[in-house]
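Student: Could you take me through the largest pocket, close up? I would like to know how much space lies in it and which residues line it.

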Amino acid sequence: MNWDRGNNKFPSKEKILTQKSNDYSLIFSNSHVFSIDDLLKKGDDFFITPEADVLCGTQIFLVKHKGKTNPTDKIYQKQAAKFNLTGYLLSLELKYKIKKFTLELTPTYIIPENVPAGESSTPYFVMNASVYFTFKKKK
């Protein structure tokens with residue numbers, strides 16, 4: 001469970017409006033780590049982590065981010081403030097460790113649900129790639 005709170009300032013023709021944002025979210029996640037030792041050479045590790053997430057929550061941050069703070073955007077604001085299913089995430093983390101180096105690749109498929117009017121509900125794909133080096137402090 002998560003609670004995000006923040007203040008945002010938006011320019012208006014007359015003045016700068018300060019809007020407070022409160023979003024609540026609940027994420028149901030299921031994953032499992034599979035590991036293979038000595039995949040390519042002795043001492044390396046390969047990890048495969050499939051994960052499925054169900055996201056529920058409010059989307060008030062969209063009202064602020066999209067600038068839909070006018071009274072004419074009441075329908076959009078009501079849809080964004082409603083706590084409901086917001087999407088599904090399917091990911092597959094691939095991690096390869098060689099001594100102090102780690103290479104990581106995580107493709108993720110995102111399926112949005114119950115988006116406010118005018119926002120895209122088309123599923124999309126995101127790819128994350130990382131390289132890590134671990135420093136160890138001598139004792």
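Tutor: Happily! A pocket is found on a 1 Å grid over the protein atoms alone: it is an open set of points where a 1.4 Å probe fits, with protein on both sides within 12 Å along at least five of seven lines, and its lining residues have an atom within 4 Å of a point. Grid points are joined across faces, edges and corners, and a volume is the space filled by probe spheres set on the points. Rolling a probe the size of a water molecule over the atoms shows where empty space is left.

By that recipe, the largest pocket holds about 450 Å³ of space. Its lining counts 23 residues, and those closest to the centre are Leu55, Gln59, Phe61, Thr86 and Gly87.

Please keep in mind that you are looking at a predicted model, where local features need pLDDT of at least 70 and side-chain atom pairs count only at pLDDT 80 or more, while totals for chains, interfaces and linings use all residues. Residues are numbered from 1 along each chain as its sequence is written, and side-chain values use heavy atoms, with hydrogens and water left out.

Where does the lining come from? At least two residues each are supplied by strand S2 (16-31), strand S4 (44-57), helix H1 (60-66), strand S5 (84-98) and S6. S2 gives the largest share, 5 residues. Helices (H or I, at least four residues) and strands (E, at least two) are DSSP runs, numbered from the N terminus. The chain has 2 helices and 7 strands, in the order β-β-β-β-α-α-β-β-β from the N terminus.

As for chemistry, the lining divides into 14 nonpolar, 7 polar and 2 charged residues. Here Ala, Val, Leu, Ile, Met, Phe, Trp, Tyr, Cys and Pro count as nonpolar, Asp, Glu, Lys and Arg as charged, and the others, Gly among them, as polar.

Now look along strand S6 (residues 101-112), where Glu104 lies. The side chains of Lys95 and Glu104 meet in a salt bridge at 3.9 Å, N to O; the term asks for a side-chain nitrogen of Lys or Arg within 4 Å of a carboxyl oxygen of Asp or Glu. The structure holds 1 salt bridge. Glu104 is buried, at 14% relative accessible area, and Lys95 is partly exposed, at 24%; buried means under 20%, exposed over 50%, partly exposed in between, with a 1.4 Å probe and protein chains only.
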